[in-house]
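Colleague: Could you take me on a close look at a single part of this structure? I am new to this, so please explain the terms as you go.

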Amino acid sequence: MHDIRYDAVHDEIVVANPFAQAILIFRGGASGEEAPIRTIQGPNTQLAGSTRQGGVERLEIDPIHNEIFVPAGDKVLVYPLTGNGDVPPIRIIQGPDTKLNRVRSAAVDPVHNRIALGTNTNYEGDLGALLVFERAANGNARPLGVIMGRKAGIISITQMQVYPPKGWIVATMPGWSYDETEPENFFIGVWSINDNGDVPPRWKLGGSSTSVMKKPRGVALNPTHKELIVADMRLNAVLTFYFPEIF
């Protein structure tokens, strides 16, 4: 499992399983060897394929509009949150105008009715980007915003969170590739959902000497205590930062 979401509205746990090419939904109180209450899996789902080509590695949920978003390479697949079995996507964002390429992460802002998607750089030197779409975008839709460039510094985004009340996008940048042991260019960046162009992060957290982090891959927000929580791949640790500016 490379991603998991908790749906507080329906008290359910939603998990992406890249090996089974499936989305598994469990009760919020599930324990032990308990079967999922729903499973989205099968040829009609279009989830099949290696994760490098766009399989189900990460996901995002929108419990307000009852949808699941799966970033999958050059497309984004959208399913009903109540879906079960071999269900086809209700929408697919895909096409040359979308600028989607190597997209691996997603975060939904139901307040501003937007979805942010993170794309990764490649070994030919193409830059990674944050692409912002209408939440209900479908087909060959153009992004509302493209955050990309040397000032933005986006290389490889593994996970994102949004803070809808303020419209912030919080993204982890763990370096160039999975194989880098301790990359020099890692950071966690915060952008506005309305940013566009070569925009630097509004806030940037990084540097081993000051942040202790070495390779941040996961991020979560705790608004109650104004905290930013980071899962660090190299440290095998969870780090908590007091970050009131975001909230």
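Modeller: Happily; here is a walk around one loop residue, Asn 120, and the strands beside it. This is a predicted model, in which local features need pLDDT of at least 70 and side-chain atom pairs count only at pLDDT 80 or more, while totals for chains, interfaces and linings use all residues. Residues are numbered from 1 along each chain as its sequence is written, and side-chain values use heavy atoms, leaving out hydrogens and water.

Asn 120 sits in the loop that links strand E10 (114-119) to strand E11 (129-134). Strands (E, at least two residues) are DSSP runs, numbered from the N terminus. With a relative accessibility of 6%, Asn 120 counts as buried; buried means under 20% relative accessible area, exposed over 50%, and partly exposed in between, using a 1.4 Å probe and protein chains only.

What does Asn 120 touch, leaving aside its neighbours within four places in sequence? Its contacts (heavy atoms within 4.5 Å) are Asn 101, Arg 102, Arg 104, Gly 128, Ile 155, Ser 156 and Ile 157. Arg 104 belongs to strand E9 (residues 103-109), where six of the seven residues are buried, so E9 is largely enclosed by the rest of the structure.

Now to the pairing: E9 and E10 run antiparallel, joined over six bridges, and two strands pair if DSSP finds at least two bridges between them. Asp 109 stands opposite Arg 114 in E10. The two strands, E9 and E10, form a hairpin with four residues between them, and Asn 113 in the turn has a positive phi of about 60°.
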